[in-house]
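Reader: I've got this one open at the bench and I'd like to go through it bit by bit. Mind if I just fire questions at you?

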Amino acid sequence: MNYWTQLSIEFANQRNYLDELFAVYPTIPDGIRDIDHTKWEKIEEYFAKRDNEMLVKTLLTLDLFPIKDSYVAYLKRDKSAILRNPKTINRLAGRMYELGLPKLYEKCTEPKETNRQIGPLFKRWVNKGSLGIKILKLNEFINTKEDAILDASDSEMMDWAKKQLTTTEKKGWILLLD
């Protein structure tokens, strides 16, 4: 078994694993999301008029769409799809009316889910030096023969990995070289 995998398993079996994990990923929900007052007034207006198209169109401009639906991401990317898919818009609007305005507002202002916050937390923890390994900028990292952690932006790390390792990964990842 890989040395680092073995260490990870041993660490996870400690009694205080969750306490230690919380030091890296302090999953405390953010406060409620703010909604532009003018946008919310428009949403109330379209809700009262039962203007399905404008209601959904305006809700799509918020940071958080109030319901989970597989088609929402598509509608956010392709605004013209709203006009081409009236049945989908009516279905989504119908779900908004079922919620009612108070619940609709509550859903639109929910804090970001903790699982959506953890990405930058790991990098922040690593950069504190908690692992006891040197953290180096790209130039130093390339020229060292010692164990090190690359301190760079996601795009810089991805560019380096593509050039050096011929990877096509789309997300951040950790590389352990023996």
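Reader: Let's start with Leu 83: buried or exposed?
Author: Leu 83 belongs to helix H6, residues 81-84; helices are DSSP runs of H or I with at least four residues, strands are E runs of at least two, and both are numbered from the N terminus. Buried means under 20% relative accessible area, exposed over 50% and partly exposed in between, using a 1.4 Å probe and protein chains only. Leu 83 has a relative accessible area of 59%, so the verdict is exposed.

Reader: Before we go on, what pLDDT must side-chain atom pairs have to count?
Author: Residues are numbered from 1 along each chain as its sequence is written, and side-chain values use heavy atoms, with hydrogens and water left out. This is a predicted model, where totals for chains, interfaces and linings use all residues, local features need pLDDT of at least 70, and side-chain atom pairs need 80 or more.

Reader: OK, and how far apart in space are Leu 83 and Glu 53, C-alpha to C-alpha?
Author: In sequence, Leu 83 and Glu 53 are 30 residues apart. In space, their C-alpha atoms are separated by 7.9 Å.

Reader: Zooming out, what pattern does the chain follow along the sequence?
Author: There are eleven helices and two strands in the chain. Of its 178 residues, 26% count as buried. Read along the sequence, the pattern goes α-α-α-α-α-α-α-α-α-β-α-β-α.

Reader: At what angle do H3 and H4 pack?
Author: H3 covers residues 37-49 and H4 covers residues 52-59, with their axes 8 Å apart. Axes here are lines fitted to C-alpha atoms, for helices over the stretch in contact, and angles run from 0 to 180 degrees between N-to-C directions. The packing angle of H3 and H4 is about 155 degrees.

Reader: So how are H3 and H4 oriented to each other?
Author: Angles under 35 degrees count as roughly parallel, over 145 as roughly antiparallel, 65 to 115 as roughly perpendicular and the rest as oblique. H3 and H4 are therefore roughly antiparallel.

Reader: Which residues of H3 and H4 make the contact?
Author: Contact means heavy atoms within 4.5 Å. H3 brings Lys 39, Ile 43, Tyr 46 and Phe 47, and H4 answers with Met 54, Leu 55, Thr 58 and Leu 59.

Reader: What's in the loop between H3 and H4 that has its own accessibility value? I mean Arg 50: what is its phi?
Author: Arg 50 sits in the loop between H3 and H4. At 49% relative accessibility, Arg 50 counts as partly exposed. Most residues other than glycine have a negative phi. Arg 50 isn't a glycine, yet its phi is positive, about 60 degrees.

Reader: How do the residues of the contact of H3 with H8 divide?
Author: The axes of H3 and H8 come within 12 Å and cross at roughly 145 degrees. Trp 40, Ile 43, Glu 44 and Phe 47 in H3 meet Leu 101, Leu 104, Tyr 105 and Cys 108 in H8. Ala, Val, Leu, Ile, Met, Phe, Trp, Tyr, Cys and Pro count as nonpolar, Asp, Glu, Lys and Arg as charged, and the others, Gly among them, as polar. For H3 with H8 the split is seven nonpolar, no polar and one charged.

Reader: How many aromatic pairs does a search of the whole structure find?
Author: Rings of Phe, Tyr and Trp (its six-membered ring) pair if their centres lie within 6.5 Å; planes under 30 degrees apart count as stacked, over 60 as edge-to-face and the rest as tilted. The search of the whole structure turns up four.

Reader: What kind of pair do Trp 40 and Tyr 105 make?
Author: Trp 40 lies in H3 and Tyr 105 in H8 (residues 101-108), so the pair ties together parts that are 65 residues apart in sequence. Trp 40 counts as buried at 9% relative accessibility, while Tyr 105 counts as partly exposed at 34%. Their ring centres are 4.9 Å apart with planes at 75 degrees, so the pair is edge-to-face.

Reader: And how far apart, centre to centre, are Phe 141 and Trp 160?
Author: Phe 141 and Trp 160 form an edge-to-face pair, with 80 degrees between the planes. Both residues are buried. Centre to centre, the distance is 5.4 Å.

Reader: Last one: which residues does Thr 88 touch?
Author: Thr 88 is in helix H7, residues 86-99, and counts as buried at 17% relative accessibility. Leaving out residues up to four places away in sequence, Thr 88 touches Tyr 71 and Leu 75.
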